[in-house]
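Open the model in your viewer and keep the selection tool ready. The tour goes from stop to stop, and each stop says what to select.

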Amino acid sequence: MRTRTSGKHEPDPECTPGGPAERSSRTRILDAAEALFAERGYEATSTARVARRAKVPKGLVFHYFPQKMDVLVALIDERTVVEELDASGGGDLDGAVPGDPAGTLSGLARALPLRASPAMRRILFREADTHTSVRERLGRLNGEVFLRARHALELALPGARGDQARLEVAAATFTAVLIYQENLASLTGQHLDPDAVAELIARALGA
């Protein structure tokens, strides 16, 4: 039971800015937007629909997010994380096997450095062509995967470190497959096999 310690009105801490109630409403809005953007796409989802799914007044959506774009930006900022590897500082790559570039790349394919729900992954890859914030996050992911792929190939093929140009082409090729395979599958239904691509790259490098 709450008690008063003075004659002044004491605001309910659950209703104060940043309190649990506000966080709950904001979270419900983001949860609803995440589900709807993944199901229908950003453009096809109205703010009113987000409000209905979240079970909040439409005005509350604009209170937290003045424009619909702000909802998408918040989702990308808060619910997708690209894990960065400090390869320049000798960062380690779990599963890198000297002499086995195909196996090493396959291991990288199973450990994409992206922490995001399946719905957020769909949003990230679907909206990258049209929204700057999404494109920037996908660009960071592309850069991180390229860095890891090149580092993995250097570890797997220590004798090839002098041929940086070939390793970079191989890393860029494998990165493109990993990054765009989901988009390709969603657009065409065609699925690329990263393990098969890894094997092709290893053979091209003479392994």
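A salt bridge here is a side-chain nitrogen of Lys or Arg within 4 Å of a carboxyl oxygen of Asp or Glu. Keep that rule at hand for several of the stops.

This is a predicted model, so local features need pLDDT of at least 70 and side-chain atom pairs count only at pLDDT 80 or more, while totals for chains, interfaces and linings use all residues. Residues are numbered from 1 along each chain as its sequence is written, and side-chain values use heavy atoms, with hydrogens and water left out.

**Stop 1: the whole chain**

Show the cartoon. The chain has nine helices and two strands. Helices (H or I, at least four residues) and strands (E, at least two) are DSSP runs, numbered from the N terminus. Trace the elements from the N terminus: they run α-α-α-α-β-α-β-α-α-α-α.

Now colour by accessibility. Buried means under 20% relative accessible area, exposed means over 50%, and partly exposed is in between (1.4 Å probe, protein chains only). Of the 207 residues in the chain, 40% are buried.

**Stop 2: helix H1**

Select alanine 33. This residue sits in helix H1, residues 20–40. Is alanine 33 buried or exposed? Alanine 33 counts as buried, because its relative accessibility is 0%. Add alanine 54, which is 21 residues away along the chain. The two C-alpha atoms are separated by 8.2 Å.

Stay with the chain and select Asp31, Glu34 and Arg79. A network of salt bridges links these three residues.

**Stop 3: aromatic rings**

Rings of Phe, Tyr and Trp (its six-membered ring) pair if their centres lie within 6.5 Å; planes under 30 degrees apart count as stacked, over 60 as edge-to-face and the rest as tilted. How many aromatic pairs does a search of the whole structure find? The search finds two.

Select phenylalanine 37 and tyrosine 42. Their pair is edge-to-face, with 5.3 Å centre to centre and 70° between the planes. Both phenylalanine 37 and tyrosine 42 are buried.

Next, select tyrosine 64 and phenylalanine 65. This pair is tilted, at 6.3 Å centre to centre and 55° between the planes. Tyrosine 64 is buried, with a relative accessible area of 17%. Phenylalanine 65 counts as buried too, at 3%.

Go back to tyrosine 42 and add lysine 68. Lysine 68 lies over the face of tyrosine 42, 4.3 Å from the ring centre. A charge sits over a ring if NZ of Lys or CZ of Arg is within 6 Å of the ring centre and within 35 degrees of the ring normal.

**Stop 4: salt bridges**

By the rule given at the start, the count comes to twelve salt bridges. Select arginine 137 and aspartate 77. They form a salt bridge, and their closest N and O atoms are 3.4 Å apart. Arginine 137 lies in helix H7 (residues 132–156) and aspartate 77 in helix H4 (residues 68–79), so the pair ties together parts that are 60 residues apart in sequence.

Which partner is buried, and which is partly exposed? Arginine 137 is buried, at 11% relative accessible area. Aspartate 77 is partly exposed, at 47%. Keep aspartate 77 and add valine 134, 57 residues away along the chain. Their C-alpha atoms are separated by 9.0 Å.

Move to aspartate 163 and arginine 166. Their side chains meet in a salt bridge of 3.5 Å, N to O. Aspartate 163 is partly exposed, at 30%, and arginine 166 is partly exposed, at 39%.

Then pick glutamate 199 and arginine 203. Here the salt bridge is 3.6 Å, N to O. Both residues lie in helix H9 (residues 194–204), four residues apart, about one turn of the helix. Glutamate 199 is partly exposed, at 36% relative accessibility, whereas arginine 203 is exposed, at 60%.

**Stop 5: the largest pocket**

A pocket, on a 1 Å grid over the protein atoms alone, is an open set of points where a 1.4 Å probe fits, with protein on both sides within 12 Å along at least five of seven lines; lining residues have an atom within 4 Å of a point.

Select Arg122, Phe125, Arg126, Asp129, Glu182, Asn183, Ser186 and Leu187. These residues line the largest pocket. Its space is about 160 Å³. Which helix gives the most to the lining? H8 does, with four residues. By class, the lining has two nonpolar, two polar and four charged residues. Ala, Val, Leu, Ile, Met, Phe, Trp, Tyr, Cys and Pro count as nonpolar, Asp, Glu, Lys and Arg as charged, and the others, Gly among them, as polar.

Conventions:
Grid points are joined across faces, edges and corners, and a volume is the space filled by probe spheres set on the points.
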